[in-house]
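Student: I have a model open and a few minutes to spare. Can we walk through it together?
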Amino acid sequence: MAEHISLAVIGGGPAGMAAAVSAYDSGITDVTIFERENELGGILNQCIHNGFGLHTFKEELTGPEYAGRYIDEVKRRNIRYETGSTVLSVSPDRQITVVSREKGMRIISADAIILSMGCRERPRGALNIPGMRPQGIYSAGTAQKLVNCEGCVIGKEVVILGSGDIGLIMARRMTLEGAHVKAVAELMPYSGGLKRNIVQCLDDYGIPLLLSHTVVDIKGKRRLEGVTVAEVDQSGTPIPGTEEYYECDTLLLSCGLIPENELSLSAGVKINGATNGPVVDDRLETSTDGIFACGNVLHVHDLVDFVSEESSRAGKNAADFIRSCGKTKNEPVIVRVTAGNGVRYTVPNTIDAANASGDIHLRFRVRNVYKGCTIKLISGGSVIYSKKKKIVVPGEMEDIIIKPEMLSSVSGELVAEIEEGAV
């Protein structure tokens with residue numbers, strides 16, 4: 001017979017730990033975290049730079065320190081966690097198949113499940129860069145683990161493709177390790193990372209950021225010898241005659257993160273094409289009853305503090321689901337949340353206006369850089385929320401707090417949009 005637990009949390013990174021702690025504090029003590037690595041903490045264990053925790057703990061921490069705070073909270077509550085345990089599948093009826101060296105393969109049923117598997121990096125194969133496959137090409141996250149956790153020297157002359165936060169941070173890290181970072185090339189006309197990382201990791205070390213540029217060729221058969229970088233037009237097509245060759249022995253790829261949702265698909269969860277994460281409502285519940293999602297498996301965050309806050313809400317809502325057996329107090333009144341002008345996606349995708357009992361965080365990313373603009377929420381032609389901003393950028397997530405009383409004038413659809421030139 002299958003084992004049974006109240007709440008299964010899949011993933012022991014910052015999202016999973018915050019969700020488990022919140023569920024426990026909300027009265028559901030029969031919680032188990034399943035983590036495939038040999039220790040809790042997730043990606044934070046290799047992020048030895050500081051800058052974490054300013055929102056959550058009101059102090060600046062390194063990644064391992066931030067993870068350590070939540071590991072302590074998990075242990076203090078005696079929340080069960082199984083490391084070295086890989087979840088192979090999740091069924092729509094909330095059964096998980098998990099395998100580990102110590103316990104073999106098991107089937108476990110749960111009253112509720114929280115998906116917090118995080119994300120993975122986009123590989124070179126998805127980038128269509130011509131050339132051979134020599135040694136010296138790494139994803140930025142892999143390079144980070146090799147340098148920070150394994151103590152490896154991976155190269156001395158470096159080019160980085162993509163200006164996501166990991167790529168920016170690795171530009172600084174490689175420089176501090178004695179390497180020469182020649183350039184960071186970015187396909188888009190804007191950086192995909194936080195402004196503070198551009199300043200602290202590139203500007204402070206004199207590393208050039210080449211916007212609207214990409215790698216068009218890789219030279220080297222056994223070991224990387226160099227790369228050719230070219231400027232691109234508005235459609236992302238390389239412009240002939242703009243090519244420049246950089247001699248290097250290392251190419252780091254920081255070209256985007258993809259939520260890990262294979263387990264979500266096995267559970268019948270509907271996926272949002274814009275985020276590659278689950279479609280969720282204001283309780284962070286997916287399209288499959290009793291299965292919730294939070295953190296980078298839902299949508300890629302810029303700050304781990306936002307991951308923890310979001311995951312805490314998921315844990316509380318999962319606890320409420322278990323106690324109420326999935327029944328809502330009032331007849332649902334569903335409001336569809338959509339992305340309007342200038343907005344790429346929204347989380348959540350729906351709001352139950354009749355059962356919203358607390359503040360709702362509406363988070364989204366914009367499509368481009370907009371200066372002197374206004375963020376608006378519109379329903380039925382009426383503006384229910386408006387906020388002026390000097391600048392919004394794709395690399396930084398926006399967060400609007402919707403009060404329950406604001407929903408009284410909302411019906412059918414709520415549109416988030418950017419009005420340009422309004423400041």
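Student: Let's start with β7 and β8. How many residues join them in the hairpin?

Tutor: Three residues link β7 to β8 in that hairpin. Keep in mind that this is a predicted model.

Student: Noted. How many bridges do β7 and β8 share, and in which sense do they pair?

Tutor: Six bridges, antiparallel. β8 covers residues 104-115. Ser-100 sits opposite Gly-104 of β8.

Student: And on the other side, what does β6 do with β7?

Tutor: β6 (residues 85-90) pairs with β7 (residues 95-100) in the antiparallel sense, over five bridges. Val-90 has Ile-96 in β7 as its bridge partner. These two strands also form a hairpin, with four residues between them.

Student: What about phi of Arg-94 in that turn?

Tutor: Positive, about 65°.

Student: Next, the core. Which residues have the most contacts inside the largest nonpolar core?

Tutor: Leu-7, Ile-10, Val-90, Ile-96 and Ile-113. The core has 62 residues. Helix α7 (residues 304-324) gives the largest share, eight residues. Val-90 and Ile-96 are the bridge partners from the hairpin.

Student: Why would such residues gather at all?

Tutor: In soluble globular proteins, nonpolar side chains tend to be buried together.

Student: Pick Ile-113. What is it in contact with, sequence neighbours aside?

Tutor: Leaving out neighbours within four places in sequence, Ile-113 is in contact with Leu-7, Ala-8, Ile-10, Val-90, Arg-94, Ile-96, Gly-290, Ile-291 and Phe-292. Arg-94 on that list is the turn residue with positive phi.

Student: Which residues does the second core include?

Tutor: Val-343, Ile-351, Val-366 and Leu-414 are among them. This core is separate and has 24 residues.

Student: Val-343 is in β23, right? What is the strand order in the sheet with β23?

Tutor: Yes, β23 spans 343-347. The order is β23-β25-β28, an open sheet of three strands with antiparallel pairing.

Student: Why do β23 and β28 each have one side without a neighbour in the sheet?

Tutor: Both stand at the edges, β28 being 398-402. Each has a single partner strand, so one side of each is left without a neighbour in the sheet. Neighbouring strands here are turned by 25° against each other on average, direction ignored.

Student: How many bridges join β23 to β25?

Tutor: Four, with the strands running antiparallel. β25 takes in residues 360-366. Thr-346 has Phe-364 in β25 as its bridge partner.

Student: There's a proline after β23. Is the peptide bond from Val-347 to Pro-348 cis or trans?

Tutor: Cis, with omega near 10°. Pro-348 lies in the loop between β23 and β24 (350-352).

Student: Back to backbone angles. What is phi of Lys-58?

Tutor: Near 60°, a positive value in a residue other than glycine. Lys-58 lies in the loop between β3 (50-52) and β4 (61-62).

Student: Is Lys-58 buried or exposed?

Tutor: Exposed, with a relative accessible area of 67%.

Student: And Ser-212, buried or exposed?

Tutor: Buried: its relative accessible area is 18%, and the cut-off for buried is under 20%. Ser-212 has a positive phi too, about 55°. It is found in the loop between β13 (209-211) and β14 (213-219).

Student: What is Glu-186 in contact with around there?

Tutor: Ser-212 itself, for one. Other contacts of Glu-186, beyond four places in sequence, include Gly-162, Ser-163, Leu-211 and His-213. Glu-186 lies in strand β12 (residues 180-186). Glu-186 is buried, at 9% relative accessible area.

Student: Switching to empty space. How many cavities of 30 Å³ or more are there?

Tutor: Two. The largest holds about 70 Å³ of space. Its lining includes Val-147, Cys-152, Lys-156, Met-174 and Glu-177.

Student: Last one, the second largest pocket. What is its volume, and which element gives the most to its lining?

Tutor: The volume is about 640 Å³. Of its 22 lining residues, the closest to the centre are Arg-283, Asn-317, Asp-320, Asn-355 and Ser-357. α7 gives the most to the lining, with seven residues. That helix also gives the largest share of the 62-residue core.

Conventions
Residues are numbered from 1 along each chain as its sequence is written. This is a predicted model: local features need pLDDT of at least 70, side-chain atom pairs count only at pLDDT 80 or more; totals for chains, interfaces and linings use all residues. Side-chain values use heavy atoms; hydrogens and water are left out. A nonpolar core is a set of buried Ala, Val, Leu, Ile, Met, Phe, Trp, Tyr and Cys residues joined through side-chain atoms within 4.5 Å. Buried means under 20% relative accessible area, exposed over 50%, partly exposed in between (1.4 Å probe, protein chains only). Contact means heavy atoms within 4.5 Å. Two strands pair if DSSP finds at least two bridges between them. Axes are lines fitted to C-alpha atoms, for helices over the stretch in contact, and angles run from 0 to 180 degrees between N-to-C directions. On a 1 Å grid over the protein atoms alone, a cavity is a set of points where a 1.4 Å probe fits but cannot get out, and a pocket is an open set with protein on both sides within 12 Å along at least five of seven lines; lining residues have an atom within 4 Å of a point. Grid points are joined across faces, edges and corners, and a volume is the space filled by probe spheres set on the points.
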